[in-house]
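Me: Please take one part of this structure and examine it closely. I should like a connected account of what lies around it and of how it is joined to its neighbours.

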Amino acid sequence: MRESHEKGNGMESPLIKNVERGQSFSLAALISPRPHQVASLNLWRSGTSHITLFGFDAGEGISREVLDEDRLYIVLEGDMVIDADGKRQSLKSGDCTYIPAGMPHSLDVITPGKALLVTVG
């Protein structure tokens with residue numbers, strides 16, 4: 001049976017935030033890199049699981065971290081290098097990489113870009 005998220009007024013409560021419901025959209029168009037910054041836009045969160053869009057300027061990234069959740073990085077635009085447990089790999093538009101819980105990793109952005117991060121905990 002399909003789960004319903006309807007309220008008494010007949011409108012669905014939004015599970016996905018910051019996008020138009022029932023409309024197609026470009027993920028990459030939702031966020032823009034800012035000079036010398038990392039921009040982020042949360043699309044969904046439940047407990048420790050979340051879906052977040054990032055806009056990165058060249059030279060920015062995500063510092064080394066070790067998390068209790070699995071992560072999937074999906075590059076939408078730009079060139080990036082991920083260091084996963086000491087192994088560096090280049091990523092470009094359309095590439096993705098899976099980081100299991102407990103694996104040390106970092107992300108270096110080579111050219112301004114955008115990525116979708118799916119974290120499942």
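Reply: Two strands are said to pair if DSSP finds at least two bridges between them; strands (E, at least two residues) are DSSP runs, numbered from the N terminus. The model is predicted, so local features need pLDDT of at least 70 and side-chain atom pairs count only at pLDDT 80 or more, while totals for chains, interfaces and linings use all residues. Residues are numbered from 1 along each chain as its sequence is written, and side-chain values use heavy atoms, with hydrogens and water left out.

The part chosen is strand β9, residues 113–120. Strand β2 (residues 49–56) is joined to β9 by 7 bridges and runs antiparallel to it. Strand β4 (residues 70–77) likewise pairs with β9 in the antiparallel sense, over 7 bridges. A115 of β9 stands opposite F54, and A115 is also the bridge partner of V75. Because 6 of its 8 residues are buried (under 20% relative accessible area, 1.4 Å probe, protein chains only), β9 is largely enclosed by the rest of the structure.

The largest nonpolar core (buried Ala, Val, Leu, Ile, Met, Phe, Trp, Tyr and Cys residues joined through side-chain atoms within 4.5 Å) has 14 residues, and F56, I62, Y73, M80, I82, I99 and L107 touch the most other members. Strands β2, β4, β5 (80–84), β8 (105–109) and β9 each give two or more residues to this core. The largest share, 3 residues, comes from β5. A second, separate core of 7 residues includes V19, A39, L43 and L116.

Definitions and conventions: Buried < 20%, exposed > 50% of the residue type's maximum accessible area, 1.4 Å probe, protein only. Helix = DSSP H or I, 4+ residues; strand = E, 2+ residues; numbered from the N terminus.
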